[in-house]
Amino acid sequence: MGVGILEILAGIGLLFLACYYYFTSTFNYWQSRGIPGPKPAPIYGNLKDIMFGKMSVGDFVKQEYDKFKDKRMFGIYAIRTPVLIVNDPELIKDILIRNFSSFANRGVRLFEKVEPLSANLVNLEAKRWRPLRAKQITMFTFSKLKEMFYIVSECADNLEKILAGMIEKNDVVECCEVSARYTTDVIGACVFGIDMKALDDENSQFRRVGRKFIHADKWRAFKLRFKQIFPSLYNLLCPIMYDHEINDFFINTMIATMKHRKENNVRRGDFVDLLNDLKDNPGKLDGIELTDTLLTAQAFAFFFAGFDTSATTMSHALYELALNKSIQNKLREEIKEDLAENNGKLLLESLKNMKYLDKVFNETLRKYPVTTILTRQAMESYTFDGTDLTIPKDTKVWIPVYGIHRDPKIYPNPDTFDPERFDEEKVQERHPSYYLPFGAGPRNCLGARFGNYQTKVGLITILKNYSVDICDQTPIPYVSNRRRFLLGPAAGIRLKFTNLS
């Protein structure tokens with residue numbers, strides 16, 4: 001006896017109701033706890049605009065922060081997962097510093113079969129993160145960075161040469177691409193001991209793969225949305241979802257480099273040597289298996305963070321300096337004065353002496369924090385100080401960096417680029433949790449000082465030689481890339497470069 005049309009319709013109806021219940025059953029979570037927040041929608045929660053590429057994560061969280069910034073915290077739903085967004089500076093300090101052990105995880109779900117390079121220091125759970133960070137932190141001591149400064153300077157000299165050739169042909173420069181080629185070469189030489197040739201060849205293999213990783217095509221954008229909605233199925237579809245070009249290139253390159261160093265007894269005191277030493281003498285790593293893939297993932301994190309975040313910050317700084325010529329001229333005078341005192345040579349000490357450059361750098365990261373949110377996950381049941389709210393283990397917590405940095409109550413006229421916000425007295429008046437471009441506490445950015453140095457050296461190299469101005473191709477107003485997790489411009493930053501000599 002066949003199944004009738006009514007039974008089929010009833011089955012479809014029940015399936016629809018089951019799906020609806022699954023995607024909405026958590027939607028009273030924050031309301032039942034007295035926590036305000038925007039109304040979620042089935043399937044997407046509050047992330048519909050993000051998942052359809054209509055809004056970046058940073059812009060979304062800032063939008064919601066602006067609605068609820070007078071509250072100590074508010075709640076959203078990432079599809080069906082409750083996420084707590086914390087605004088209060090003292091509670092932020094509790095999460096990042098005072099009670100760090102309760103929030104040591106970033107709350108990133110890893111899919112190591114599909115995305116082997118994601119198992120890096122940025123994303124790893126606390127168990128693997130702690131011992132691996134302790135081993136890697138030696139790469140970024142002041143003495144180690146001092147040893148590498150001459151390499152940064154050599155890359156800057158090459159930037160100067162390449163830029164001169166480019167401007168001879170066309171005085172309008174796409175700053176994001178040029179900055180990324182410079183920082184790719186810096187990170188390659190300093191951390192991996194490899195000449196990545198990104199400045200000499202914009203289509204060099206490292207630059208091409210790095211560009212692909214940053215700028216997601218439609219297929220990668222689809223995979224990201226699929227992973228968010230169907231995480232378990234995403235993992236099962238590893239053969240389809242695996243990106244051979246990016247993963248295989250980095251894994252094979254690192255294995256070959258480490259093997260060559262070891263077989264030929266070559267040492268440069270860089271990150272590759274550190275990984276080889278770690279592999280040969282793992283010490284106490286609590287049973288962590290140091291596979292070639294896991295080691296490569298650590299290197300990849302420094303490659304990605306080293307070139308992309310610094311290049312984006314350089315580009316944002318040049319953009320604001322082009323819009324604010326008086327600030328640009330004042331900064332150039334400081335640069336010229338310091339170089340004149342050192343016979344035209346840039347020294348590491350110069351970066352400490354250039355106080356106005358430091359203010360410009362800090363204000364750039366205030367207005368354009370590359371990491372727009374900080375993510376954490378409760379490792380145990382936790383009660384927030386001064387509140388009745390207790391969150392259970394594994395609750396995800398976000399800190400709205402972009403919203404805080406653009407809050408007019410904290411930074412008056414936040415859309416105005418004003419380096420004097422970082423005058424020492426004004427900094428002392430603000431709560432430290434109101435400025436978080438590199439995070440804070442034990443899980444802050446390990447390469448912050450390195451990024452600071454290479455960005456400033458790049459800016460000095462450009463500004464000592466060129467006046468930077470807006471042109472008819474400059475994006476005004478600034479529009480952020482809606483498909484990136486990190487903050488970046490939608491279509492690059494084109495500026496006019498005029499030789500000062």
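**Close-up views of a predicted model**

**View 1. Strands S8 and S9 side by side.** In this predicted model, strand S9 (residues 494-499) and S8 pair in the antiparallel sense, with 4 bridges between them. Look for Val 468, whose bridge partner in S9 is Phe 497.

**View 2. The open sheet around S9.** Step back a little and 3 strands come into view, forming an open sheet in the order S3-S9-S8 with antiparallel pairing. Strand S3 (172-174) and strand S8 (466-469) are the edge strands, each pairing on one side only. On average, and with direction ignored, neighbouring strands of this sheet are turned by 40° against each other. As a reminder, the strands of a sheet pair through backbone hydrogen bonds, either parallel or antiparallel.

**View 3. The largest nonpolar core.** Here is a core of 105 residues; Tyr 182, Phe 192, Phe 250, Phe 271, Phe 303 and Phe 497 have the most contacts inside it. Helix H14 (residues 292-323) gives the most to this core, supplying 14 residues. Phe 497, met above as the bridge partner of Val 468, is thus a handy landmark for moving between the views.

**View 4. The surroundings of Tyr 182.** Which residues does Tyr 182 touch, leaving aside its neighbours within four places in sequence? It is in contact with Val 152, Cys 155, Ala 156, Leu 159, Leu 199, Met 314, Gln 454, Val 457 and Gly 458. Apart from the largest core lies another, of 28 residues, including Tyr 29, Val 86, Leu 91 and Ile 391.

**View 5. The annotated span at residues 6-23.** An unreviewed UniProt entry annotates residues 6-23 as "transmembrane region". In the model this span is 100% helix and 0% strand, and its end C-alpha atoms lie 26 Å apart.

Methods. Residues numbered from 1 in each chain as written. Predicted model: local features only at pLDDT ≥ 70, side-chain atom pairs only at ≥ 80, totals over all residues. Heavy atoms only, no water. UniProt positions renumbered as here; feature names shortened; annotations may be inferred. Helix = DSSP H or I, 4+ residues; strand = E, 2+ residues; numbered from the N terminus. Core = buried A, V, L, I, M, F, W, Y, C linked by side-chain atoms within 4.5 Å. Buried < 20%, exposed > 50% of the residue type's maximum accessible area, 1.4 Å probe, protein only. Contact = heavy atoms within 4.5 Å. Pairing = 2+ DSSP bridges. Axes fitted to C-alpha atoms, helices over the stretch in contact; angles between N-to-C directions.
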